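Q: I'm new to this one, so please pick a single part and take a close look at it with me. Tell me how it is built, and then what it sits against.

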Amino acid sequence: MFDWKWDFTIEILPRLLDATVNTLIAAGLGYLIALIVGLIFALAQRTPLRSVTFIVRELVEFVRSTPLVLQIFFVFYVGPQIGIRLSPWTAGMIAIGLHYASYLSEVYRAGLDSVPKGQWEACSALNLSVRRTYAKIIIPQAIPAVIPGFGNYLIGIFKDTPLLSVIGVMELFQAANSIGAETYRFLEPYTLVGLIFLVISLPTAMFIRRFEDWVRGALGMKKLYAKD
Amino acid sequence: MLTYFEFIQEYFPALLKGTVVTLEQTALGILVAVLVAVTMASMKMAPFFAIRWFGIAYIEVFRGTSLLVQMYWIFFVLPLFGITLEKFTAGFLAVGLNLGAYGAELVRGGIQAVPRGQYEAAVALGFSPFTRMRRIIFPQALLKMLPPWGNLLIELLKATALVALISVTDLMFMSKQINSTTFMSAQAFGTALIIYYIIARLIVTPGMRGLENRLARKLSIG
Amino acid sequence: MEEQHFPLSLEGDDVPMVRFMGVTKRYGDLTVLDALDLDVADNETIAIIGPSGSGKTTVLRMLMVLETIDEGIIYVDGKPLTHMEKNGRLVRASSSYIRRMRSNIGMVFQQFNLFPHMTALENCMEAPVQVLGMSRDEARQRAGDLLEMVGLEDKMDQYPARLSGGQQQRVAIARALAMRPKIMLFDEVTSALDPELVGEVTNVIRKLTDEHSLTMIMVTHQMGFAREISDRICFFYEGKIAEQGPPDQLFDNPHNERTAAFLSAVNEAD
């Protein structure tokens with residue numbers, strides 16, 4: 001390659017790999033928040049309280065329709081304005097967690113909706129309790145429908161972690177920025193960052209596809225969905 | 001301290017200017033994304049291995065890495081190869097190239113969702129592959145893929161906020177600048193969030209729905 | 001090459017409109033057509049009957065070249081269809097050659113497959129304009145005549161979604177005829193219809209056999225209709241013709257026990 005310096009590459013690689021660990025932690029933590037808050041958002045929209053449903057629905061719409069990078073700035077800078085000082089990590093996790101919670105709440109919702117109405121009716125006809133209905137009938141059938149969504153957003157949150165660099169979280173991309181600022185070399189750090197992302201996200205995507213097939217097979221649902 | 005009303009009076013022109021740039025970036029980004037999506041989907045479905053391989057590689061690389069990384073690469077690394085782009089161009093180009101990779105999968109999905117019988121009827125009537133695609137398959141696929149494209153365009157609008165990080169003076173950039181001069185963070189970023197929301201819900205979504213209805217009427221299906 | 005022993009073209013006084021020679025089609029381990037030989041004369045109407053999975057529909061799909069051929073060759077009007085001549089030898093036909101040869105053949109599908117984004121008239125005009133290069137006026141004239149022939153002159157500007165199954169299938173017949181084929185293929189064209197709509201479609205096909213000089217091959221489950229309009233019935237069993245003959249002989253006095261068993265099962269079901 002044109003001006004590619006291998007010794008420089010080897011020199012910066014450990015630093016980038018260290019930062020990759022931070023990126024993975026950020027993605028994992030953010031995803032965990034998103035999974036929990038997303039479930040709360042989804043269930044809140046199924047309560048009989050119309051006002052709660054409405055407010056959560058609008059909140060989810062709002063978060064989904066506005067840029068994550070702006071939300072990160074908002075959370076980070078508005079905190080001090082009202083007297084709460086958040087570290088970059090805390091602010092970043094809140095912003096990215098909430099952002100993806102709004103996506104995941106839609107996945108939860110779609111999963112529950114994907115189970116045919118007849119299944120609910122059959123449960124009522126068999127006099128199953130609500131708990132049993134969810135645990136034994138509805139959720140097992142909803143799982144295959146949600147895995148692709150959960151998987152895509154897991155990779156999505158991973159690829160959005162570079163946005164945390166805007167408030168100074170020292171993840172992979174920020175590490176590359178620092179190297180660039182110190183050495184005035186951009187080719188190697190930014191290319192390596194791209195490659196590291198690729199090396200992690202491609203196998204993960206493949207794994208999620210396999211996992212989805214496996215779950216369908218394990219639940220004996222292969223035929224049921226094969227035509228989609 | 002300014003009241004919110006005074007804040008808006010003072011900084012409305014700057015935010016408006018940024019909004020215009022955001023809309024320009026979005027429009028140009030859509031243009032690039034649509035071109036890329038159709039090209040790459042066609043390549044991925046091509047009968048020749050090398051072409052198909054290129055399509056797959058493009059889609060996987062652009063979907064497998066971060067837009068921000070791609071944008072920095074285009075803006076900071078491409079000049080080392082003798083390709084220097086202005087920040088404005090680098091911005092919408094990166095956004096379009098990235099979202100186009102996602103769009104390519106939507107195009108492919110839409111085409112594959114057209115029932116097989118439609119291909120067979122077109123084959124039986126002797127259409128050439130190109131005419132078959134242009135007259136029979138694509139119009140039907142287009143209608144099927146418009147709803148997911150509506151979501152993708154919202155993603156694209158949001159993605160343009162990243163161009164601020166290479167100093168394109170869009171809405172995001174302006175709100176950041178106002179924040180750093182006034183320290184009125186809630187007002188500066190909050191107003192920008194609301195403007196993005198309005199663009200998404202009052203321009204992009206209804207626009208796509210209108211397009212869908214018009215196309216459905218024109219094709220008289222759905 | 002394996003195809004060497006097949007003639008480059010069929011010559012003589014009695015060249016059939018369609019000839020299958022040793023045609024084999026497999027899907028994996030499953031042999032759907034097993035070295036099939038079948039001649040269909042010009043202007044002849046034949047009906048293919050048989051249990052499901054016997055390869056009936058595959059015959060039509062091979063003739064329309066919707067499937068690739070594993071062994072053997074098909075001739076249409078004396079010329080090879082699945083193969084073409086190159087330097088005095090037969091090689092696999094190119095897609096443009098197949099497209100040219102296909103223009104001799106029209107096909108009507110079980111599921112109609114009308115183009116949903118075009119009116120009945122546009123469905124019938126599209127291929128003549130795009131494929132034959134006909135002017136729109138001429139194509140409209142021809143499409144109009146054909147839709148009138150199938151009794152849909154008042155539905156020309158309707159979209160398929162607005163038409164009943166029977167009407168859609170009649171449009172599909174008109175659409176295929178608009179290409180002026182020599183051969184018409186009917187693939188279980190009444191199977192997807194409600195019983196009360198079957199008659200309007202069979203009437204159109206009956207009219208075609210009476211008034212037009214077409215070679216017709218139909219796959220059907222309607223024994224009565226097959227018997228009434230066909231010159232010959234072919235009974236398929238496991239990818240082969242188990243028995244063929246004039247309708248009266250085959251229905252009243254089948255020689256093959258498979259045919260007899262199939263016919264009695266069908267009669268019982270009715």
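A: Let's start with charges: Lys and Arg count as positive and Asp and Glu as negative, while His and the chain ends are left out. Each charge is placed at NZ of Lys, CZ of Arg, CG of Asp or CD of Glu. The part I've picked is chain B, where 18 positive and 10 negative charges have mean positions 13 Å apart.

Some ground rules before going further. Residues are numbered from 1 along each chain as its sequence is written, and chains are lettered from A and ligands numbered from 1 in the order in which they are written. The model is predicted, so local features need pLDDT of at least 70 and side-chain atom pairs pLDDT 80 or more, while totals for chains, interfaces and linings use all residues; side-chain values use heavy atoms, with hydrogens and water left out.

Chain B has eight helices and zero strands, counting DSSP runs from the N terminus (H or I over at least four residues for a helix, E over at least two for a strand). Along the sequence that reads α-α-α-α-α-α-α-α. The C-alpha trace spans about 75 × 45 × 20 Å along its principal axes.

How much of chain B is tucked away? Of its 222 residues, 53% are buried; that means under 20% relative accessible area, with exposed being over 50% and partly exposed in between, using a 1.4 Å probe and the protein chains only. The accessible surface of chain B is about 9900 Å², and 68% of it belongs to carbon and sulfur atoms (areas by the Shrake-Rupley method with a 1.4 Å probe; for residues, only the protein chains shown count as cover). Among the contacts in chain B with a separation of 6 or more, 74% join residues 24 or more positions apart, a contact being heavy atoms within 4.5 Å.

Now zoom in on the stretch around helix α7. Most residues other than glycine have a negative phi. Ser167(B) has a positive one, near 70 degrees, and it belongs to the loop between α6 (129–159) and α7 (171–182). With 33% relative accessibility, Ser167(B) is partly exposed. Just past α7 comes Phe183(B), in the loop leading to α8 (185–219). Its phi is positive too, near 60 degrees, and at 61% relative accessibility Phe183(B) counts as exposed.

Ser175(B), inside helix α7, is another story: its relative accessible area is 0%, so it is buried. What surrounds Ser175(B), leaving aside neighbours within four places in sequence? From chain B there are Leu15(B), Ala188(B), Phe189(B) and Ala192(B), and from chain A there is Leu70(A).

That brings us to the neighbours. Of the two pairs of chains in contact, A and B share the most contacts. Chain B puts in 40 residues and chain A 36. Together they bury about 3200 Å², 73% of it on carbon and sulfur atoms; buried area here is the accessible area (1.4 Å probe) that two parts lose on being put together, summed over both. On the chain B side, Lys158(B), Leu193(B) and Tyr197(B) lose the most area to chain A, together 19% of what that side buries.

Chain B also meets chain C, with 22 residues from each chain taking part. About 1900 Å² is buried between them, 62% of it on carbon and sulfur atoms. In chain C, the residues losing the most area to chain B are Arg99(C), Phe115(C) and His117(C), together 29% of what that side buries. Chains A and C, by contrast, do not touch: their nearest C-alpha atoms are 18 Å apart.

And what is this partner C like? It has nine helices and twelve strands. Its radius of gyration is 19 Å, close to the 18 Å that the globule rule gives for 270 residues, so chain C is as compact as a globular protein of that length. (The radius is taken over C-alpha atoms, and the rule is 2.2 Å times the number of residues to the power 0.38.) In chain C, 56% of the residues count as buried, and carbon and sulfur atoms hold 43% of an accessible surface of about 11900 Å². Chain C carries 27 positive and 41 negative side chains, and the centres of those two sets lie 7 Å apart.
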